[in-house]
Amino acid sequence: MQLSTARRKEKGAFYTPKLWADLAVKYLLKVFPSYQSCVFYDPAAGEGALLEALPADAIKYGSTLEAEDVTILQSKGIRAWQFDFLQNPDLWGSAPGELRRAHEDGRLIVFTNPPFFKCPTSTREWYARKAYAITNDATALFLLRIMYELQPFFTCSFSKGDIYQAPQLQQFREQFRPFERYISGFISPSKSWGLSGNFPIQFSIWL
């Protein structure tokens with residue numbers, strides 16, 4: 001399913017180009033070559049570009065906003081369900097049991113490209129806005145919820161470079177501590193994603 005331009009802008013949804021998905025997997029497997037023992041989860045899976053780039057024998061789960069995308073993910077052999085990671089507080093109520101067990105056993109790797117947008121005032125009642133009220137940046141809210149609630153072995157995520165340097169995200173950095181947790185990564189130009197503007201999109205692997 002191709003989201004309309006308006007819908008993509010509203011949800012901050014930008015598909016990960018295969019070039020960068022494949023390179024992200026190469027970086028990930030260098031850091032953790034024994035991937036077969038872990039479970040991968042993308043809470044912003046969309047149509048599954050990142051999970052598809054993983055080796056075929058990797059255990060993959062994805063949640064996504066759109067019901068149509070769930071069908072697409074499942075057609076690719078990816079275990080998937082519809083879930084709004086910013087709005088829905090019941091993280092484990094709908095998640096498959098294997099994902100919960102991986103979380104409990106320390107075998108969970110989050111591999112994601114979260115949305116890039118600023119939550120408007122009208123979204124103050126969203127779960128993530130209320131739980132992590134220090135920011136309205138959707139990427140930062142994703143990362144905080146991942147850190148505190150999913151508690152993965154590794155977090156592997158794309159983001160704009162502002163999470164490392166923007167003054168308005170200082171409180172986020174004090175909690176997420178990206179520099180202390182950083183292991184590896186690379187920078188890609190926004191133009192290569194088909195986006196307007198000229199800014200870096202960072203792929204980072206954090207403990």
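**Close-ups of a predicted model**

Of the chain's 207 residues, 53% count as buried. Keep in mind for every panel that this is a predicted model.

**Figure 1. The whole chain, ten helices and seven strands.** Start with the overall picture. Along the principal axes, the C-alpha atoms fill a box of roughly 40 × 35 × 30 Å. The radius of gyration is 16 Å, and that agrees with a compact globule, because a globule with 207 residues would come out near 17 Å. Take the contacts between residues at least 6 apart in sequence: 59% of them join residues at least 24 apart. On the outside, the accessible surface adds up to about 9,500 Å², with 51% of it belonging to carbon and sulfur atoms. As for charge, count 23 positive and 20 negative side chains; the centres of the two sets sit 4 Å apart.

**Figure 2. The largest nonpolar core, with 35 residues.** In soluble globular proteins, nonpolar side chains tend to be buried together. Here, the members that touch the most other members are Y41, F85, L86, L99, L150 and F172. Which elements give two or more residues to this core? They are β1 (39-42), α5 (97-105), β4 (108-112), α7 (138-150), α8 (162-165) and α9 (170-176). Helix α7 hands over the largest share, nine residues. There is also a second, separate core of 31 residues, and A21, L28, L50 and L54 are among its members.

**Figure 3. L150 and the residues it contacts.** Zoom in on one of the core residues that touch the most other members, L150. Skip the neighbours within four places in sequence, and L150 is in contact with Y41, F85, L91, W92, H103, L108, V110 and R145. Two of those partners, Y41 and F85, are also on the list of members that touch the most others.

**Figure 4. F176, a buried residue in helix α9.** Is F176 buried or exposed? It counts as buried, because its relative accessibility is 0%. Look across to M147: the two residues are 29 apart in sequence, yet C-alpha to C-alpha they are 7.5 Å apart in space. M147 is also one of the contacts of F176, along with L143, L144, R181 and W206, once neighbours within four places in sequence are set aside.

**Figure 5. Q151 and R177, two loop residues with positive phi.** Neither is a glycine, but both have a positive phi: near 45° for Q151 and about 50° for R177. Where do they sit? Q151 is in the loop between α7 and β5 (154-160), while R177 is in the loop between α9 and α10 (178-181). Q151 counts as partly exposed because its relative accessibility is 48%. R177 also counts as partly exposed, at 36% relative accessibility.

**Figure 6. I78, a buried residue in a loop.** This one lies in the loop between α4 (67-75) and β3 (79-82). Its relative accessibility is 3%, so I78 counts as buried, the cut-off being under 20%. What does I78 contact, leaving aside neighbours within four places in sequence? The partners are G48, L51, E52, K60, Y61, G62 and L73. For G62, 16 residues away along the chain, the C-alpha separation from I78 is 6.9 Å.

Methods:
Residues numbered from 1 in each chain as written. Predicted model: local features only at pLDDT ≥ 70, side-chain atom pairs only at ≥ 80, totals over all residues. Heavy atoms only, no water. Core = buried A, V, L, I, M, F, W, Y, C linked by side-chain atoms within 4.5 Å. Buried < 20%, exposed > 50% of the residue type's maximum accessible area, 1.4 Å probe, protein only. Helix = DSSP H or I, 4+ residues; strand = E, 2+ residues; numbered from the N terminus. Contact = heavy atoms within 4.5 Å. Rg over C-alpha atoms; globule rule 2.2 N^0.38 Å. Areas by Shrake-Rupley, 256 points an atom, 1.4 Å probe, with all protein chains shown as cover. Lys, Arg positive; Asp, Glu negative; His and termini not counted. Charge placed at Lys NZ, Arg CZ, Asp CG, Glu CD.
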